[in-house]
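Student: I should like to understand how the terms used for this structure are justified. May we take them one at a time?

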Amino acid sequence: MLYPGAPRLLACPQCDLLQKHAHSAATDRARCRRCGAVVALPRHASIDRPLALAVTCAQVFVLANVFPLVSMNVHGDTISTTMPRAVWALYQHQMTGLAFLVLVTTLLAPGIQIASILTLLVCLRLRRGQQHFARLFRLVQAIRDWGMIDVLMLGILVSLVKLAALATVVPGVALWSFAVLLVLLTLLSSSFSTRDLWRWSVERYR
Amino acid sequence: MNRVLSAAGAGLILCLTCEQLARYQPGPAHRCPRCGQLMHVRKPASAARTTAYLIAAVMLYIPANLLPIMHTETLVGSEDDTIMSGVIVLLKTGSWPLAALVFFASIMVPMLKLIALTVLVLSIHRRWRSPPLGRLRLYRLVELIGRWSLLDIYVLTLLVALVQLHALATVEPRPGALAFAAVVVLTLLSARSFDPRLLWDTHERA
């Protein structure tokens with residue numbers, strides 16, 4: 001085991017330069033000496049902070065998908081939709097491919113991502129499930145790029161403006177939930193790094 | 001020419017999934033000793049895959065922009081909207097910041113991505129020897145903005161779900177949307193297959 005602050009040999013993911021970094025401070029983010037890409041993220045001591053954030057994310061994610069996103073009042077009629085129902089509407093219009101894309105990027109990928117991060121952290125916390133750790137980790141990494149809650153949030157706002165021209169639009173619980181989820185996901189992803197996960201796994205699965 | 005040592009030159013491979021640096025072992029399938037992911041010195045067939053996805057994206061770019069993505073029926077009549085006419089409608093009826101946003105996400109970003117990826121792929125095939133930092137920045141830009149072009153797809157999804165006011169107005173998706181979504185996904189896959197370390201390999205060999 002290296003002592004803290006020992007220079008570590010790192011390779012840049014974007015230019016493959018081999019370099020040594022003395023990485024002592026917890027807030028340090030090491031950058032590639034040649035191209036400036038991030039080669040090492042800051043260390044985090046606490047596993048409880050990402051765990052708490054992941055639990056909250058899971059709860060808010062359920063709210064965001066169960067409650068209506070927006071409601072419209074037109075001549076006394078109220079029309080509202082949830083995100084899963086919007087996907088279903090696409091499917092009913094013979095747009096299976098499009099429905100699948102929206103389903104994956106707004107529901108499946110974020111859902112699986114939150115669930116697998118949560119499982120990973122719970123396993124670490126309870127010092128259990130070491131045999132599944134690597135597989136779960138790879139799942140988290142593979143699915144990370146396909147969740148597009150941030151783009152969806154902007155899409156919701158744009159459609160709100162478009163709909164406001166047609167009728168009175170009332171934002172629903174899910175709209176606020178998606179906004180909160182976006183903030184929580186950002187906090188979650190900055191509360192631990194890949195390196196932390198493996199360091200914790202070494203410390204805890206001894 | 002100053003001597004720099006790349007990880008590949010030192011017989012090491014960086015695991016792109018868990019950031020572990022491992023010794024290269026020749027063999028059919030080299031797996032990361034820590035997370036078990038398949039490891040490659042460079043992403044497999046990177047230039048060929050990037051090019052293939054790019055060609056597919058360029059071909060679909062034409063129907064994506066010419067075919068209507070949305071059909072609106074109102075009391076005053078019906079109309080088909082393409083990506084571009086959607087922006088123009090926003091400009092006329094809505095506010096111009098919103099039109100600018102949609103123009104950027106749906107027209108500028110896909111076009112920029114296609115051009116940037118073409119430059120990147122050409123520079124690998126033609127073995128450009130100019131300093132790669134500029135092209136690396138281009139690659140980072142593509143990675144950063146790529147996902148935002150799905151904006152219009154989410155707006156369409158919500159409009160289709162909500163604007164079903166039988167007598168007043170209905171919105172239906174049209175095949176152009178599928179072509180547009182395919183362009184976005186194909187360019188995402190293209191960028192993901194690209195290995196920026198190849199830029200430096202040609203540079204170092206010069």
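Tutor: Certainly; please bear in mind that this is a predicted model. We may begin with helix 7 of chain A, whose buried residues are covered by elements including helix 3 (96-126) and helix 4 (130-143) of chain A.

Student: Which residues of helix 7 of chain A are called buried, and what makes them so?

Tutor: In helix 7 (residues 194-204) of chain A, the buried residues are A:Leu197, A:Trp200 and A:Ser201. The term requires 20 or more other C-beta atoms within 10 Å of a residue's own, so A:Leu197, A:Trp200 and A:Ser201 each meet that cut-off.

Student: Why are these buried residues said to be on the same side of helix 7 of chain A?

Tutor: They cover an arc of only 100° around the axis, and therefore lie on the same side of helix 7 of chain A. An α-helix has 3.6 residues a turn, so residues three or four places apart point the same way.

Student: Which residues are exposed on the other side of helix 7 of chain A?

Tutor: A:Val202 and A:Glu203 are exposed there. The cut-off for that term is 12 or fewer C-beta atoms within 10 Å, so both residues satisfy it.

Student: How many residues of chain B are in contact with chain A?

Tutor: On the chain B side there are 50, which touch 46 residues of chain A. Helix 5 of chain B gives the largest share of that side, 10 residues. By class, the side of chain B that touches chain A divides into 37 nonpolar, eight polar and five charged residues.

Definitions and conventions
Residues numbered from 1 in each chain as written. Chains lettered and ligands numbered in written order. Predicted model: local features only at pLDDT ≥ 70, side-chain atom pairs only at ≥ 80, totals over all residues. Contact = placed C-beta atoms within 7 Å. Helix = DSSP H or I, 4+ residues; strand = E, 2+ residues; numbered from the N terminus. Nonpolar A, V, L, I, M, F, W, Y, C, P; charged D, E, K, R; others polar. Arc of directions from axis to C-beta.
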